[in-house]
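This note was prepared for a colleague who wishes to review a structural model. The points below are meant to be read alongside the sequence and the coordinates.

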Amino acid sequence: MGMVSEKEAAADGSGPGPQVPVLRINQLDALELDSALEQLLWTQFSKCFQNFRPGLLTPLEPELKVLLHLLLWRFTLYSNNATVGQSLLSLRYHGTADLSCDYRPLTTRQKLSLAVLTAGVRWLQERSYNLLSLMGCSQGHVSARDEGLLQKSLRSAVTVISGVTKLASLINFLMFLRSGRHSVLAERITDAQVVFSKPNVVRDMNYQYMVREMLWHSFAEFLIFLLPLVNTVKLKESLRSFVFGRVTNDKEGTREGRDTWKECGLCGEWPTMPHSVGCRHVFCYYCIRSHCIDDAAMVCPKCGAEGGVLEPARMEMERIGM
């Protein structure tokens with residue numbers, strides 16, 4: 001029984017044995033999930049005040065974001081040694097960078113340091129210039145010239161410190177890409193290492209959404225390729241003939257033949273450069289030419305008669321007696 005319990009504990013990641021290193025992509029995914037969760041929480045919190053005066057939360061936005069971050073920290077990292085993104089990917093923090101030793105949870109000091117280095121530094125970056133202004137106003141015994149020099153020196157110092165911090169974060173990220181440890185600078189400072197909470201975990205990837213999108217895009221491309229090849233005019237006329245039937249009345253046929261030269265059978269306007277395909281219907285040259293490009297059989301789109309060669313229409317003009 002002792003051997004079985006020891007194996008189960010080792011498989012769970014809490015027993016003796018070396019810790020399994022985590023892939024870089026898993027660590028970056030955990031950071032993205034944490035960032036998305038914080039943004040979602042802030043969005044939902046802002047909606048609670050959408051009916052109040054516009055800009056009500058703007059003066060206190062940095063402080064409110066820090067409070068929300070600390071609230072998440074209290075019920076995730078402080079309690080379970082893992083953030084929300086890490087928990088979703090079966091990850092957690094290891095208290096030391098040595099992966100060959102047994103699992104060691106983070107100490108209270110490491111947890112507090114991670115909270116300060118993430119939320120605290122972010123708050124200082126957003127409030128640095130406001131704090132400098134308050135420091136300048138509090139120096140009442142300093143002259144205006146000295147106060148200006150002091151604020152200029154402090155602003156230069158803040159700019160240098162911010163640049164050094166960003167450079168250190170960049171160097172840390174390059175080291176992370178090389179070694180696969182400490183994706184953020186706060187983890188390297190506190191000596192916290194991300195490990196698997198379950199070493200034998202298999203990353204389950206669901207391809208249903210991807211397959212559905214690929215099928216839909218393939219179907220859309222097929223329609224885009226197929227639709228220009230469909231003769232919609234001929235199809236419409238065939239459906240109309242099938243549903244309503246063709247006109248067989250001689251009187252109506254005579255009236256239609258009398259008025260065919262007055263309008264194009266395709267566009268319905270007065271025919272420009274009138275042409276025909278061998279039947280009594282008349283078309284604009286460009287209309288029938290475009291139709292013949294789609295339908296090489298030279299079929300009249302009005303009556304369906306199989307025509308011959310496209311030729312200019314010969315019409316007899318009616319004389320109107322005065």
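The numbered points that follow address salt bridges, aromatic contacts, the strand pair, a nonpolar patch and one further contact.

1. Status of the model. The structure is a predicted model. The values quoted in the points below should be read accordingly.

2. Salt bridge between helices α2 and α6. There are three salt bridges in the structure. One of them joins the side chains of arginine 122 and glutamate 38, with an N to O distance of 3.2 Å. Because arginine 122 belongs to helix α6 (residues 108–138) and glutamate 38 to helix α2 (residues 24–47), the pair ties together parts that are 84 residues apart in sequence. Arginine 122 is partly exposed at a relative accessible area of 36%, and glutamate 38 is likewise partly exposed, at 25%.

3. Salt bridge between helices α3 and α6. The side chains of glutamate 63 and arginine 127 form another salt bridge, at 3.0 Å from N to O. Glutamate 63 is in helix α3 and arginine 127 in helix α6, so this contact ties together parts that are 64 residues apart in sequence. What is the relative accessibility of arginine 127, and does this residue count as buried or partly exposed? Its relative accessibility is 15%, and arginine 127 therefore counts as buried, since the limit for that class is under 20% relative accessible area. Glutamate 63, in contrast, is partly exposed, with a relative accessible area of 26%.

4. Salt bridge within helix α3. Glutamate 61 and lysine 65 also form a salt bridge, the closest N and O atoms lying 3.1 Å apart. Both residues are in helix α3 (residues 61–75), and because they are four residues apart, about one helical turn separates them. Glutamate 61 has a relative accessible area of 26% and is partly exposed; lysine 65 also counts as partly exposed, at 31% relative accessibility.

5. Charges over aromatic rings. Lysine 65 has a further contact, in that it lies over the face of tryptophan 42 at 5.5 Å from the ring centre. A second arrangement of this kind involves arginine 74, which lies over the face of phenylalanine 75, at 5.5 Å from the ring centre.

6. Aromatic pairs. How many aromatic pairs does the structure hold? The number is six. Phenylalanine 173 and phenylalanine 176 make up one such pair, which is tilted, with 6.0 Å from centre to centre and 40 degrees between the planes. Both residues lie in helix α7 (residues 144–179), three residues apart, or about one turn of the helix. Phenylalanine 173 is partly exposed, with a relative accessible area of 31%, whereas phenylalanine 176 is buried, at 0% relative accessibility. Elsewhere, ring pairs link Trp42, Phe45, Phe49 and Phe52 into a cluster. Trp42 is thus a member of this cluster as well as the residue whose ring face lies under lysine 65.

7. The strand pair. Strands β1 (residues 91–94) and β2 pair in the antiparallel sense, and four bridges connect them. Within this pairing, histidine 94 has glutamine 193 of β2 as its bridge partner. In a regular strand, side chains alternate between the two faces of the sheet. For strand β2 (residues 193–196), which residues cover each side? Gln193 and Val195 lie on one side and Val194 and Phe196 on the other; all are buried, and both faces of the strand are covered.

8. Nonpolar surface patch. A nonpolar patch of about 1100 Å² is present on the surface, and its members include Trp216, Phe219, Phe222, Leu235 and Leu239. Helices α9 (208–226) and α10 (232–244) each supply at least two of the patch residues. Helix α9 contributes the largest share, namely six residues. One of the patch members, phenylalanine 219, is located in helix α9 and counts as partly exposed, at 42% relative accessibility.

9. A contact between separated residues. Leucine 185 and asparagine 172 are 13 residues apart in sequence, and their C-alpha atoms are 6.0 Å apart in space. Leucine 185 is placed in helix α8 (residues 185–190). With a relative accessible area of 24%, leucine 185 is partly exposed.

Technical notes: Residues are numbered from 1 along each chain as its sequence is written. This is a predicted model: local features need pLDDT of at least 70, side-chain atom pairs count only at pLDDT 80 or more; totals for chains, interfaces and linings use all residues. Side-chain values use heavy atoms; hydrogens and water are left out. Buried means under 20% relative accessible area, exposed over 50%, partly exposed in between (1.4 Å probe, protein chains only). Two strands pair if DSSP finds at least two bridges between them. Patches are made of residues with over 30% relative accessible area and no salt bridge: like charges are joined within 9 Å, nonpolar side chains (Val, Leu, Ile, Met, Phe, Trp, Tyr) within 5 Å. Accessible areas come from the Shrake-Rupley method with a 1.4 Å probe; for residues, only the protein chains shown count as cover. A salt bridge is a side-chain nitrogen of Lys or Arg within 4 Å of a carboxyl oxygen of Asp or Glu. Rings of Phe, Tyr and Trp (its six-membered ring) pair if their centres lie within 6.5 Å; planes under 30 degrees apart count as stacked, over 60 as edge-to-face and the rest as tilted. A charge sits over a ring if NZ of Lys or CZ of Arg is within 6 Å of the ring centre and within 35 degrees of the ring normal.
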